[in-house]
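Got the model open in your viewer? Here's a short tour, one selection at a time.

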Amino acid sequence: MNRMFSCALLCALIFAGCKKEDVKPVEINKNKIAELTSDKTTITLWSEKAGLTTGYNKLYVSLKEDNGKEISNAAVSFMPMMDMGTMKHSSPLEQPLFNSTLRLYEGAVVFTMPTSAMGSWQLDVSVNSVTVSFPVTINSTTQKHVASFVGTDENKYFISLVSPLQWKIGLNDLDIVINRQASKMDFPADDGFTVAFFPEMPSMEHGSPNNVDPVLKGNGHYLGKVNYTMSGDWRLHFKLKKNGIVIKDDVSLDILF
């Protein structure tokens, strides 16, 4: 009887130790933007960068119950909204999906203009059909990471640079995303383009060799290679076609590093 009791006690201790290990909090190596609590759920908004800027912003959401337990199976969605007083509009986005490695819901928003006297942004985050609104400040940049244009097909498009955390001299991965404006609230990703491009350094009046034109990866993303032969100001020129027809002969994005 004593042996059975000892075994049962040992098993209970082992189980308790395992259970304690399971609830060990995961360190989030992102920049915290804001936090709200709704329906006993803490919703925290995180960003890849220290601040939100015009252009493509990688965003993350973490969810916790009031007892601190992580929620990893919720239906989460974004809706950015710019309020300009007399009208409102949204912007291109990528709806968040749970990243099991980061333990975060991962998505992105392309903010098409900065916060200013003309209007302010908020990001609505829906969790299982319950929505909370985060006021967010979008800063302007000296660099042009998003551009809009009207194509020869009379559609309005946005092209955005998905910047790495740090550019380097030499060959870099180049990622752009293209969205079509279907309405003021709907900006679907567009997978129909053929993209050619070349980089230019305006201040030095030269380009660079060994660049690779972006090709479709999916969800509006096109991946290529850009070769920066020196640091400084660079302009990326893109020529966009659909079914062999030129939609835009030259649309440019600017970087500085």
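A pocket here is an open set of grid points where a 1.4 Å probe fits, with protein on both sides within 12 Å along at least five of seven lines, and its lining residues have an atom within 4 Å of a point. Keep in mind that you're looking at a predicted model.

**Stop 1: the largest pocket**

Select Lys 49, Val 162, Ser 163, Pro 164 and Leu 165. Of the 25 residues that line the largest pocket, these lie nearest its centre. The volume of this pocket is about 590 Å³.

Now colour by domain. Domain 1 (25–139) and domain 2 (146–256) each give at least three residues to the lining. Which strands should you highlight? Pick strand S3 (55–65) and strand S12 (170–180), each of which supplies at least two lining residues. S3 provides the largest share, with 4 residues. Switch to colouring by residue type and the lining splits into 11 polar, 8 nonpolar and 6 charged residues.

**Stop 2: a hairpin**

Go to residues 31–38, strand S1, and add strand S2, residues 41–47. The two pair antiparallel over 7 bridges. To check the register, show Asn 31, whose bridge partner in S2 is Ser 47. Then look at the turn: 2 residues sit between the strands of this hairpin, and Asp 39 has a positive phi near 50 degrees.

**Stop 3: an open sheet**

Next, bring up the open sheet of 4 strands, ordered S5-S4-S8-S9 and paired antiparallel. Where are its edges? They are at strand S5 (88–89) and strand S9 (130–136); each has a single partner strand, so one side of each has no neighbour in the sheet. Zoom in on the S5 end: strand S4 (residues 76–83) runs antiparallel to S5 and is joined to S5 by 2 bridges. Across that pairing, Met 82 stands opposite His 89 in S5.

**Stop 4: aromatic pairs**

Show the rings of Phe, Tyr and Trp. How many aromatic pairs are there? The count comes to 9. Start with Phe 197 and Phe 238, a stacked pair at 5.7 Å centre to centre, with 20 degrees between the planes. Phe 197 belongs to strand S13 (residues 194–200) and Phe 238 to strand S16 (residues 233–242), so you'll find them 41 residues apart in the chain. Both Phe 197 and Phe 238 are buried.

Move on to Tyr 228 and Phe 257, which form a tilted pair at 5.2 Å centre to centre, with planes 55 degrees apart. Here the partners are 29 residues apart: Tyr 228 is in strand S15 (residues 221–228), while Phe 257 is in the segment after strand S17 (245–256). Is each ring buried or exposed? Tyr 228 is buried, at 0% relative accessible area, and Phe 257 is partly exposed, at 27%. Add Trp 167 and Trp 234 to the selection, and with Tyr 228 and Phe 257 you have one aromatic cluster.

**Stop 5: positive phi in loops**

Most residues other than glycine have a negative phi. Glu 154 has a positive phi, near 70 degrees. You'll find Glu 154 in the loop between strand S10 (146–150) and strand S11 (156–161), where it counts as exposed at 71% relative accessibility.

Last selection: Asn 243, in the loop between S16 and S17. Asn 243 isn't a glycine, but its phi is positive, about 55 degrees. Its relative accessibility is 77%, so Asn 243 counts as exposed.

How values were computed. Residues are numbered from 1 along each chain as its sequence is written. This is a predicted model: local features need pLDDT of at least 70, side-chain atom pairs count only at pLDDT 80 or more; totals for chains, interfaces and linings use all residues. Side-chain values use heavy atoms; hydrogens and water are left out. On a 1 Å grid over the protein atoms alone, a cavity is a set of points where a 1.4 Å probe fits but cannot get out, and a pocket is an open set with protein on both sides within 12 Å along at least five of seven lines; lining residues have an atom within 4 Å of a point. Grid points are joined across faces, edges and corners, and a volume is the space filled by probe spheres set on the points. Ala, Val, Leu, Ile, Met, Phe, Trp, Tyr, Cys and Pro count as nonpolar, Asp, Glu, Lys and Arg as charged, and the others, Gly among them, as polar. Domain bounds come from an automatic or database domain assignment. Two strands pair if DSSP finds at least two bridges between them. Rings of Phe, Tyr and Trp (its six-membered ring) pair if their centres lie within 6.5 Å; planes under 30 degrees apart count as stacked, over 60 as edge-to-face and the rest as tilted. Buried means under 20% relative accessible area, exposed over 50%, partly exposed in between (1.4 Å probe, protein chains only).
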